[in-house]
Amino acid sequence: PYDVLIVGGGPAGAAAAVYAARKGIRTGIAAERFGGQVNDTMGIENFISVTETTGPKFAAAMQAHVKAYNVNIMNSQRADKLIPAAQAGGLIEVQLANGGSLKSKTVILSTGARWRNVNVPGEQEYKNKGVAYCPHCDGPLYKGRRVGVIGGGNSGVEAAIDLAGIVEHVTLIEFDTQLRADAVLVTKLQSLPNTTVIVNAQTTEITGDGQKMNGLTFKDRASSEEHHLEMAGVFVQIGLVPNTEWLKGTLELSKHGEIVVDAKGATSLPGVFAAGDATTVPFKQIIIAAGDGAKGALSAFDYLMRLPVA
Ligand code: FAD
């Protein structure tokens, strides 16, 4: 059995693996796709000390860093069940979709999250070529341009306020007849001169020239008329879904499905820790997930130290 078994190989899992292995304890990492969301990222410009890199380069560097240590890397492995220890301090089991099973004294869950897509023509084609999901990451790329935001909940309205300070103009498009964000955010958005809000509007297509997106088509749900807006980018803000479906009923999840963690990354199950986008930690970013992974590994080590001598 492992001392520390990490499930998920994004920035959180990779950092946890390095921190655990450096303690000289038996460390394994099982991931469906090593690298995680970073694989789908074009440019990364906000990881401190790395002025500029690409997602695939960053993912390869993370993997090389983990490989420099004695870590058992199990790539292309999907976990589908977590079985808590039978007694306090006992072994925790992680069952894999391929029928295999892994046992460990501690487990760090770092299965990340995925952005909900609008699922309209053009979205996949222009992903990273105008279609974006993270205003903190890609906002500065649209300095002085016109952009859109799809979604009028808190994240959509926050994104529109944030972007309004960088870009020329922001159009926020909401499907419902009114914005669903907190009133204080809506008031703030309405006070900004370079923003427009369109409600009761269904995005039907993201248009482009084959290379880059150049606009968005929406249907006015009251009149059924279609309209086209020219814009250089659109931020899809209709939800971030944690990859925790497989944990339902095993440990405490928030109403959004995030793994509830305390300041040390401990979950509601003894010996099970969690880190990164899959958890309740605020702000989903690479540097935050990596820091969280380090914290989870140190907490797991602390837990192991305190286990009674067998
Ligand atoms: P993830 O990166 O999501 O990794 C999750 C890992 O768990 C993966 O290895 C996955 O395969 C694995 N996994 C999932 N389910 C299972 C399972 N059941 N069993 C086994 N393995 C599983 N952040 C920035 O800081 N800067 C940026 O510029 C930036 N740009 C971004 C651009 C895009 C397009 C996207 C989508 C995100 C961007 N982000 C950016 C956000 C950043 O990528 C995430 O915050 C970060 O990757 C979260 O790390 P994580 O390790 O928690 O999860």
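**Exercise 1. Which exposed residues does the face of α5 turned away from its buried side carry?**

Before starting, some ground rules. This is a predicted model, so local features need pLDDT of at least 70 and side-chain atom pairs count only at pLDDT 80 or more, while totals for chains, interfaces and linings use all residues. Residues are numbered from 1 along each chain as its sequence is written, and side-chain values use heavy atoms, with hydrogens and water left out.

Solution.
- Step 1: get the terms straight. Buried is under 20% relative accessible area, exposed is over 50%, and partly exposed sits in between (1.4 Å probe, protein chains only). Helices (H or I, at least four residues) and strands (E, at least two) are DSSP runs, numbered from the N terminus.
- Step 2: list the buried side. In α5, residues 183-190, the buried residues are L185, V186 and L189. Looking down the axis of α5, they fall within an arc of 100°, so they line one face of the helix. The arc is taken over the directions from the helix axis to the C-beta atoms.
- Step 3: turn to the other face. There you find the exposed residues A183 and V184.

**Exercise 2. Find what packs against the buried residues of α5, then do the job again for α4.**

Solution.
- Step 1: contact means heavy atoms within 4.5 Å.
- Step 2: the buried residues of α5 pack against α4 (154-164), β12 (169-173) and β13 (195-198).
- Step 3: now α4, where G156, V157, A159, A160, I161, L163 and A164 are buried. Their cover includes α3 (135-138), β11 (146-150), β12, α5, β13 and β17 (233-236).

**Exercise 3. Work out which residues and elements build the largest nonpolar core.**

Solution.
- Step 1: define the core. It is a set of buried Ala, Val, Leu, Ile, Met, Phe, Trp, Tyr and Cys residues joined through side-chain atoms within 4.5 Å. As background, nonpolar side chains tend to be buried together in soluble globular proteins.
- Step 2: pick the hubs. The largest core has 26 residues, of which V4, I6, V66 and I108 touch the most other members.
- Step 3: assign the elements. β1 (2-7), α1 (11-21), α2 (55-67) and α6 (286-305) each supply at least two residues of this core, and α1 gives the most, with 6 residues.
- Step 4: check V4. Leaving aside neighbours within four places in sequence, V4 is in contact with A20, I25, R26, T27, G28, S104, T106, I108, A300 and L304.
- Step 5: don't merge the cores. A second, separate core of 21 residues includes L5, V7, L251 and A278.
- Step 6: check I108, which lies in strand β8 (residues 101-109). I108 counts as buried at 0% relative accessibility. Beyond four places in sequence, I108 touches V4, L5, I6, V7, A16, F273, G296, A297 and A300.

**Exercise 4. Describe how the protein surrounds the ligand.**

Solution.
- Step 1: count the shell, with a heavy atom within 4 Å as the test for being near a molecule or strand. There are 34 residues around the ligand, and the closest are R33, Q37, N46, A79 and I286.
- Step 2: place the shell. α1, β3 (43-44), β9 (113-115) and α6 each supply at least two of its residues.
- Step 3: look at the ligand oxygens. One oxygen-to-backbone distance is 2.7 Å, to a polar backbone atom of R33. For D277 the corresponding distance is 2.9 Å, and for S110 it is 3.5 Å.
- Step 4: work out the cover. The protein covers 94% of the 1000 Å² of accessible area that the ligand has on its own. These areas use the Shrake-Rupley method with a 1.4 Å probe; for residues, only the protein chains shown count as cover.

**Exercise 5. Compare the settings of E258, N119 and N128.**

Solution.
- Step 1: E258 lies in the loop between β18 (240-242) and β19 (272-274). With 17% relative accessibility, E258 counts as buried.
- Step 2: the side chains of E258 and K284 are joined by a polar contact of 3.3 Å. Such a contact is a pair of N or O atoms within 3.5 Å; within protein, one must be able to donate a hydrogen and the other to accept it, and residues adjacent in sequence count only if both atoms are side-chain atoms.
- Step 3: N119 is in the loop between β9 and β10 (131-132). N119 has a positive phi of about 55° although it is not a glycine, and N119 is exposed at 65%.
- Step 4: N128 is also found in the loop between β9 and β10. Its phi is near 65°, and N128 is partly exposed at 34% relative accessibility.
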